[in-house]
Amino acid sequence: QVQLVESGGGLVQAGGSLRLSCAASGRTFSSSSVGWFRQAPGKEREFVGAITWSGSVTGYADAVKGRFIISRDNAKNTAFLQMNSLKPEDTAVYYCATKIGVPLNGGYEYWGQGTQVTVSS
């Protein structure tokens with residue numbers, strides 16, 4: 001069983017930055033891909049980006065490419081989502097999730113509870 005806890009959300013002005021963390025328990029984190037998703041009010045959950053177990057491969061949705069960066073520290077069982085140049089349309093609940101293998105944009109097995117990110121204009 002894997003438990004994921006997101007943190008780092010909050011309120012930020014447009015153009016600002018936030019760094020989300022995803023802390024994992026369980027022995028499989030270092031061999032798992034980590035994905036980040038978000039869900040805005042009234043919208044479906046969408047893929048934001050993901051990173052492979054080694055950190056050697058990352059993938060991003062077009063809406064965040066060039067602004068968001070995903071990284072991980074397997075020694076600390078933690079993944080990060082660095083969000084820069086934030087826009088009001090980035091406002092959502094952000095979730096991290098883990099799975100073994102690829103593809104990176106779906107099929108995740110374990111999910112965190114989410115953290116709210118609000119970007120004011």
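Me: Before anything else, what counts as a strand here?
Reply: A strand is a DSSP run of E, at least two residues long, and strands are numbered from the N terminus. In this predicted model, reading along the sequence with that rule gives β-β-β-β-β-β-β-β-β-β-β.

Me: How many helices and how many strands is that?
Reply: Zero helices and eleven strands. A helix would need a run of H or I of at least four residues.

Me: What makes the chain "as compact as a globular protein of that length"?
Reply: Set its radius of gyration against the globule rule: the chain comes out at 13 Å, the rule gives 14 Å for 121 residues, and the two are close, so the label fits. For the overall dimensions, the C-alpha trace spans about 40 × 25 × 25 Å along its principal axes. Buried residues make up 45% of the 121.

Me: Why is Thr118 called partly exposed?
Reply: Its relative accessible area is 27%. Buried means under 20% and exposed means over 50%, so a value in between is partly exposed, and that is where Thr118 falls.

Me: Where does Thr118 sit, and what is it in contact with beyond its neighbours within four places in sequence?
Reply: Thr118 lies in strand S11, residues 115–120. With those neighbours left aside, it is in contact with Gly10, Leu11, Val12 and Thr91, where contact means heavy atoms within 4.5 Å. Asp90 is 28 residues away from Thr118 in sequence, with 7.5 Å between their C-alpha atoms.

Me: How do you know that S7 and S8 pair?
Reply: Pairing takes at least two DSSP bridges between two strands. S7 and S8 (residues 78–83) have six, in the antiparallel sense, so they pass. One of the matches is Ser71 with its bridge partner Phe80 in S8. The hairpin has four residues between the strands, and Asn77 takes a positive phi near 50 degrees there.

Me: Which side chains of S7 are buried, and which are not?
Reply: Along residues 68–73, Phe68, Ile70 and Arg72 point to one face and are buried. Ile69, Ser71 and Asp73 point to the other face and are not buried. That is the usual pattern, because in a regular strand the side chains alternate between the two faces of the sheet.

Me: What about the charges and the surface of the whole chain?
Reply: There are 11 positive and 8 negative charges, and their mean positions are 5 Å apart. The accessible surface comes to about 6,200 Å², with 50% of that belonging to carbon and sulfur atoms.

How values were computed: Residues numbered from 1 in each chain as written. Predicted model: local features only at pLDDT ≥ 70, side-chain atom pairs only at ≥ 80, totals over all residues. Heavy atoms only, no water. Buried < 20%, exposed > 50% of the residue type's maximum accessible area, 1.4 Å probe, protein only. Rg over C-alpha atoms; globule rule 2.2 N^0.38 Å. Areas by Shrake-Rupley, 256 points an atom, 1.4 Å probe, with all protein chains shown as cover. Lys, Arg positive; Asp, Glu negative; His and termini not counted. Charge placed at Lys NZ, Arg CZ, Asp CG, Glu CD.
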